[in-house]
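Q: Please take a close look at the ligand site of this model, together with the cysteines, and describe which residues and elements surround the ligand.

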Amino acid sequence: MHISVIGSGYVGTTVTACFADLGHEVTAIDIDEDVVDALNEGRAPIDEPGLEELLATHAGDRLEATTSYDAVSESDVTFLAIGTPSNEDGSIDLTALEAAAEAAGEALADKADRHLVVIKSTVTPTSIGEVLEPAVNRGSNDNPNVEVGMNPEFLREGSAVDDFLTPDKVVFGTNSEWATDQLHAVFDPLLDEHDADVVETDPATASMIKYANNAFLASKISLVNDIGNVCKEFGLDAYEVMAAVGLDDRISEQFLRSGVGWGGSCFPKDVDAIVAAARDEDYDPALLEAAVEINDRQPERLLELLEDHVDPADARIAVLGLAFKPQTDDIRNSRAIPTIETLRNRGAEVVAYDPVAAENMRERFPEIEYADSAASALEGADGAVVVTDWDEFAALDEEFDAMADPVVVDGRRIVERRDGLAYEGLTW
Ligand code: UGA
């Protein structure tokens, strides 16, 4: 099959490489010439394990990249993987995706064969019917051969290639049997090798499945954090409690790690977007709103625990970990941001360390100090908070002896307790 993928961001590049690996001929389309050049040379424009190997294997053979939309009509199926950022009020901003949908439609205006345009981006239940399908039709002059479907992605940063190649489920949201067959033709080489559930539904339901999935996972962490805060009040260890709770198959042991909360490019944006979409329909999703509120509160709890030991005003406080999770330099919605902001507002002198994300954080907070190791961040500090669970923090030991006041509040349960260190776990 010949597939075109519009948008070579983190999702688009991953699916481009993986579709090629499944044996399809793939053309990636992006407006950024540097990204296009990188893909054609088999280089990954983003850092994702396994991605560069796949690109290097298939570039120039089954995989090519271009800035031209001509490849759309030459392909059998087109995937749109364009970002859907948030507006000020948290609602979804479809501007870029709508423009790409219209451009894809224009490229298909004269196509005589049937063609499926698949939305890969995360969109609200009304986005396809009210905005994106009309945009494609506007572009194609209502070419009856063009149809729109939805195929949400469930990839995590840091394991996107692996997640694509070993999915729990794939979701096909279509309006016809023909469109479902097209998506089967795309995914069957994967489904023949890997046993995954296939959900066949309509585009609006497929859109909602993606939001419900992320809203559930984010809320699960917030619930665990809420319970964790209660555990802390009783002097109990939330990890011991949740390890037992997770033995219940209905709950599962995954996503039970309590701490300073969830961040990244997906959970915060997606929960905000579905909350805003629900409010638009005059429904207040109280539990989802509470999940966001609890998440916003966790960095404050971290600092309250610090304040039990140190007054941050004029104190030197080390912030260990800046990325929203380990193995990435992505700081989008990282819990380190409100943590640093609050420390600064309380008059602390902040020294931050992260093995890979410091440069990104420097753009956000140019005024704070950045250390080149955890050891030098700790040296002379009056207190430290841990925001990201980088493995290297588990090995910290004598480095704490160099602190002016050895106090650590751990937001991720990664630092080992040791003699001489005042150690506080956020929920344990
Ligand atoms: C998330 C979902 O896990 C993917 O399924 C989804 O496809 C993706 O969003 C998306 O919509 O694109 P991702 O944002 O890469 O993936 O990161 P996760 O590994 O899920 O972690 C999200 C946040 O939750 C991190 O800040 C992490 O530290 C936090 N987390 C995770 C916890 O605090 N506790 C846990 O037990 C698990």
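A: In this predicted model, the disulfide count comes to zero, where a disulfide would require a pair of cysteine sulfur atoms within 2.5 Å. Cys231 is buried, its relative accessible area being 6%, whereas Cys266, with a relative accessible area of 23%, is partly exposed; the two labels differ because buried is reserved for values under 20%.

Cys266 also leads to the ligand, since the shell of 20 residues that surrounds the ligand has Cys266 among its closest members, along with Leu155, Glu157, Lys210 and Asn214. Two of these closest residues, Leu155 and Lys210, also place polar atoms by the ligand: a polar backbone atom of Leu155 is 2.7 Å from a ligand oxygen atom, and for Lys210 an N or O atom of the side chain is found 2.6 Å from an oxygen atom of the ligand. Leu256 takes part through its backbone, where an N or O atom lies 3.5 Å from a ligand oxygen. Taken alone, the ligand exposes 720 Å², and 95% of that area is buried by the protein.

Turning to the elements behind this shell, those that give two or more residues are α9 (203–233) and α11 (267–280), and the largest share, three residues, comes from α9. In chemical character, the shell around the ligand divides into nine nonpolar, eight charged and three polar residues.

Key:
Residues numbered from 1 in each chain as written. Predicted model: local features only at pLDDT ≥ 70, side-chain atom pairs only at ≥ 80, totals over all residues. Heavy atoms only, no water. Buried < 20%, exposed > 50% of the residue type's maximum accessible area, 1.4 Å probe, protein only. Near = heavy atom within 4 Å. Polar contact = N/O pair within 3.5 Å; in protein donor to acceptor, adjacent residues only side chain to side chain. Areas by Shrake-Rupley, 256 points an atom, 1.4 Å probe, with all protein chains shown as cover. Helix = DSSP H or I, 4+ residues; strand = E, 2+ residues; numbered from the N terminus. Nonpolar A, V, L, I, M, F, W, Y, C, P; charged D, E, K, R; others polar.
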